[in-house]
Amino acid sequence: MVPGSLDPLPHGLTELIDLSGETLNVALVVPMRGPAGMFGPTCELCAELAAEEVNRAGGVLGRELRLVPVDGGAPPDQVAAEVEALVSLGAVQGITGWHISSVRQAIAPRIAGRVPYVYTALYEGGERTDGVFMTSETPADQLYPAMRLLTRERGLRRWFVVGNDYVWPRRTAHAARRYAAECGAPVCGESYLPLGAHDFREVLRRIERSEADAVLMLLVGSDAVRFNRAFARRGLDQRCVRLSTLMDENMLLASGTAATGELYSTAGFFGSLVTPENLEFHGQYADRFGIEAPPLGSLGESCYEGVLLLAALIERARTLEMRTIMGSSEAVSYEGPRGLLHMRKRHVRQRIYLAEAHGLEFNVVAQLWGGDPATP
């Protein structure tokens, strides 16, 4: 962008944005294409449900909260340029949404300290950019206890890592190597594939040769779905446990019953959790969007929480001034489908669960971490 000039509003968004100052506009960055595009519809509906809830309660600083959609499935630099244009023009006063870490890394430095940015995807940890707040899981709280429990209970001896080739899988795998060694079941092989991968033959051959009895899946969306199907066709589900930190109900449904044997997922939310908050959330979602709406899962639910947290941050500060928002963020809490949650060091503290796939549903088998800030 040339100094002193501004790009026009992204195509098709002009009519959606109120620049009068009477609304509080939030860029909702969720994937509408690519491997993660399968999450987009649920993410949008859950964010919309949260925005309607906020507005029924009086909005944010007395202003109606309005969502401005941005395709987080586009190339990272393109997404970042679109978001930066919206911020520079004063067209949005906040950002939230589920998108992969390479998109977050492109957006964050371009809008650092200018508007609050609530990132809702599980990620590799370590984000410290000014004004970025995180609602979801990191490997220390999510992956380590899951690997430890499965290694002990299933008598696992060797792990193999399969991931997409970008920052989240690679940094998570770096942590997983340490966790696996501490658990006494080392990582014996790793394979990384480009986003949009279809051919898993060589990866499956490597898993067979490695004699691994556990596979850590760090694949996104439809890539994970295709891998699950290929894995089962090869018969590897008869000898290997699979663990994923990114496997929600939509991915389970797309994989099919024949491809979900010995498959585990770890997350802060599952649609099957029986809690008062989750039951109420399901009821609200069904009442608003009908029984034909996409299934609720952790990724869509995260966008619901992203909107709630963004509203809570601004309401607590009583201003849009970023220094005040950041300064008051440690005192912020909000209540959603995962219960009453608090912030610590710009990360939400939450309970973490382990679930096993039973056909096309997840059965929660353990609570791995309590979400208490004092818990190590």
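Over residues 372-376 the pLDDT (the predictor's confidence in each residue, from 0 to 100) stays under 50, and the model has four contacts for this stretch beyond four places in sequence, a contact being heavy atoms within 4.5 Å. Residues 1-8 also have a pLDDT below 50, with seven contacts beyond near neighbours in sequence. The chain as a whole averages 92, and 93% of the residues score at least 70. This is a predicted model, where local features need pLDDT of at least 70, side-chain atom pairs count only at pLDDT 80 or more, and totals for chains, interfaces and linings use all residues. Residues are numbered from 1 along each chain as its sequence is written, and side-chain values use heavy atoms, with hydrogens and water left out.

Next comes a pair of helices (DSSP runs of H or I, at least four residues, numbered from the N terminus). Helix α3, residues 101-111, packs against helix α5, residues 167-183, at about 110°, with the axes 7 Å apart. The two are therefore roughly perpendicular, a label for angles of 65 to 115 degrees. On the α3 side, Ser101, Ser102 and Gln105 meet Val167, Trp168 and Arg171 of α5. These contact residues split into two nonpolar, three polar and one charged.

Then there is threonine 260, in the loop between α8 (249-255) and β10 (263-267). Threonine 260 is buried (under 20% relative accessible area, with a 1.4 Å probe and protein chains only), at just 1%. Its side chain reaches the backbone oxygen of threonine 257 at 3.2 Å. Outside its neighbours within four places in sequence, threonine 260 touches Arg242, Leu252, Ser255, Ala357 and Gly359.

Technical notes: Axes fitted to C-alpha atoms, helices over the stretch in contact; angles between N-to-C directions. Parallel < 35°, antiparallel > 145°, perpendicular 65-115°, else oblique. Nonpolar A, V, L, I, M, F, W, Y, C, P; charged D, E, K, R; others polar. Buried < 20%, exposed > 50% of the residue type's maximum accessible area, 1.4 Å probe, protein only. Polar contact = N/O pair within 3.5 Å; in protein donor to acceptor, adjacent residues only side chain to side chain.
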